[in-house]
Amino acid sequence: MKGLIIRGVGGFYYVETETGVIEAKERGIFRKDGFVLCVGDVVDISLLPEDPGKGVIDKVFPRKNSFSRPPVANVDMFLVVFSVKTPKPNFPVIDRFLVNAEMNGIRAAICLNKADLAGKKETEDIMKIYSAAYDIFPVSAATGEGIDAVVPLLNGKKTALAGPSGVGKSSLLNVLVPEAGSRTGEVSSRTRRGKHTTRHVELFHGPGGGMIFDTPGFTSFESSEADEERLSMYYPEMAKLAGMCRYDDCRHLKEPGCAVREAVEAGEIHPVRYNNYVAYMEELKNRRKY
Ligand code: GDP
Ligand code: ZN
């Protein structure tokens with residue numbers, strides 16, 4: 001029977017199937033191969049004849065993608081979260097999240113949280129940085145403002161929240177999936193530890209027919225690095241101009257006839273994004289020297 005791993009705790013996996021959630025163990029063969037099953041994995045299970053509420057995972061289907069910190073598989077979308085203030089946006093860090101999503105071939109969208117703390121103009125100025133490349137939604141997990149607009153985006157996908165700590169990822173998750181919040185509360189009151197240390201990875205059904213990973217958070221990405229040659233392909237507003245520069249190998253820095261720099265001049269690419277690109281290029285170049 002085919003199913004989806006929605007939770008893994010202490011050697012047990014909870015597998016959602018068409019007949020309900022089955023508690024299953026993995027066959028020894030997975031361990032022997034050093035393979036770690038993840039929440040988000042699609043698996044085949046067989047039910048125990050003596051206890052049909054329980055099962056064994058026989059096989060895992062090929063993954064679309066996977067990560068080890070947090071351990072999740074088959075992410076369809078990253079919802080990159082940052083806040084208008086407290087903490088104030090760190091644009092280079094946000095762009096790293098976005099570049100990483102692009103490198104992994106995973107769609108990204110942005111939630112600009114804590115909109116309740118800023119004026120309209122301030123929020124709009126931040127949105128302008130990203131609106132040429134991404135869907136960006138001003139929201140407030142505190143007041144619920146803007147949340148309805150995010151819901152249709154989640155439809156039919158497994159979404160993971162990513163972003164620096166303190167921006168409101170857990171708060172947003174709790175607004176989108178109230179069930180996740182109550183589970184978190186249970187665990188932390190029982191163990192008397194912080195919610196982040198006790199939280200398990202779990203996949204919840206969200207509003208609008210989507211699923212959302214509840215993880216301790218993608219607060220950083222594993223060190224898969226972009227290469228200089230391809231970096232601009234991971235900035236959608238620059239990738240759009242591929243082949244338009246005078247030189248085929250243009251890195252969009254100081255080369256004459258650069259379509260990307262022209263787009264920056266024309267206000268089609270936001271200077272914050274372009275400057276982050278240039279800084280990232282510098283960093284990659286310096287790293288290569290050592
Ligand atoms: P995480 O580290 O990204 O998971 O962030 P949390 O969800 O733990 O939130 C960090 C802090 O920001 C908490 O004190 C929240 O109450 C607060 N917070 C979260 N969302 C909002 C919001 O929309 N508006 C305001 N004013 N505070 C928020
Ligand atoms: Zn160029």
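## Thr17 and its surroundings

Once neighbours within four places in sequence are set aside, Thr17 is in contact with Met1, Lys2, Gly3, Ile22 and Ile45. The model from which these contacts are computed is a predicted one, and within it Thr17 belongs to strand E2, which covers residues 12-17.

Is Thr17 buried or exposed? Its relative accessibility is 10%, and because buried means under 20% relative accessible area, Thr17 counts as buried. The side chain of Thr17 also has a polar partner, since it reaches the backbone oxygen of Gly20 at 2.7 Å.

## Overall build

The protein contains 10 helices and 13 strands, and its C-alpha atoms fill a box of roughly 75 × 45 × 35 Å when taken along the principal axes. Of the 290 residues in the protein, 47% are buried.

When contacts between residues at least 6 apart in sequence are considered, 67% of them join residues at least 24 apart. One pair of residues that are distant along the chain is Phe204 and Arg7, which lie 197 residues apart in that sense while their C-alpha atoms are separated by 9.1 Å. Phe204 is found in strand E12, made up of residues 202-205, and with a relative accessible area of 2% it is buried.

## Nonpolar cores

The largest nonpolar core has 67 residues, and those with the most contacts inside it are Ile57, Phe78, Phe82 and Tyr130. Strand E8, spanning residues 77-83, gives the most to this core, contributing six residues. A second core, separate from the largest, has 21 residues, among them Leu253, Val260, Ala263 and Tyr280.

Which residues is Tyr130 in contact with, leaving aside its neighbours within four places in sequence? The set consists of Phe82, Phe91, Ile94, Asp95, Leu98, Ile110, Ile136 and Arg273. Phe82 thus appears both as a contact of Tyr130 and, together with Tyr130 itself, among the residues with the most contacts inside the largest core.

## The largest pocket

About 280 Å³ of space lies in the largest pocket, whose lining is formed by 17 residues. Those that lie nearest the centre of this pocket are Glu229, Ser232, Asp248, Cys250 and His252.

By residue class, the lining of the largest pocket divides into nine nonpolar, three polar and five charged residues.

Conventions. Residues are numbered from 1 along each chain as its sequence is written. Chains are lettered from A and ligands numbered from 1 in the order in which they are written. This is a predicted model: local features need pLDDT of at least 70, side-chain atom pairs count only at pLDDT 80 or more; totals for chains, interfaces and linings use all residues. Side-chain values use heavy atoms; hydrogens and water are left out. A nonpolar core is a set of buried Ala, Val, Leu, Ile, Met, Phe, Trp, Tyr and Cys residues joined through side-chain atoms within 4.5 Å. Buried means under 20% relative accessible area, exposed over 50%, partly exposed in between (1.4 Å probe, protein chains only). Helices (H or I, at least four residues) and strands (E, at least two) are DSSP runs, numbered from the N terminus. Contact means heavy atoms within 4.5 Å. On a 1 Å grid over the protein atoms alone, a cavity is a set of points where a 1.4 Å probe fits but cannot get out, and a pocket is an open set with protein on both sides within 12 Å along at least five of seven lines; lining residues have an atom within 4 Å of a point. Grid points are joined across faces, edges and corners, and a volume is the space filled by probe spheres set on the points. Ala, Val, Leu, Ile, Met, Phe, Trp, Tyr, Cys and Pro count as nonpolar, Asp, Glu, Lys and Arg as charged, and the others, Gly among them, as polar. A polar contact is a pair of N or O atoms within 3.5 Å; within protein, one must be able to donate a hydrogen and the other to accept it, and residues adjacent in sequence count only if both atoms are side-chain atoms.
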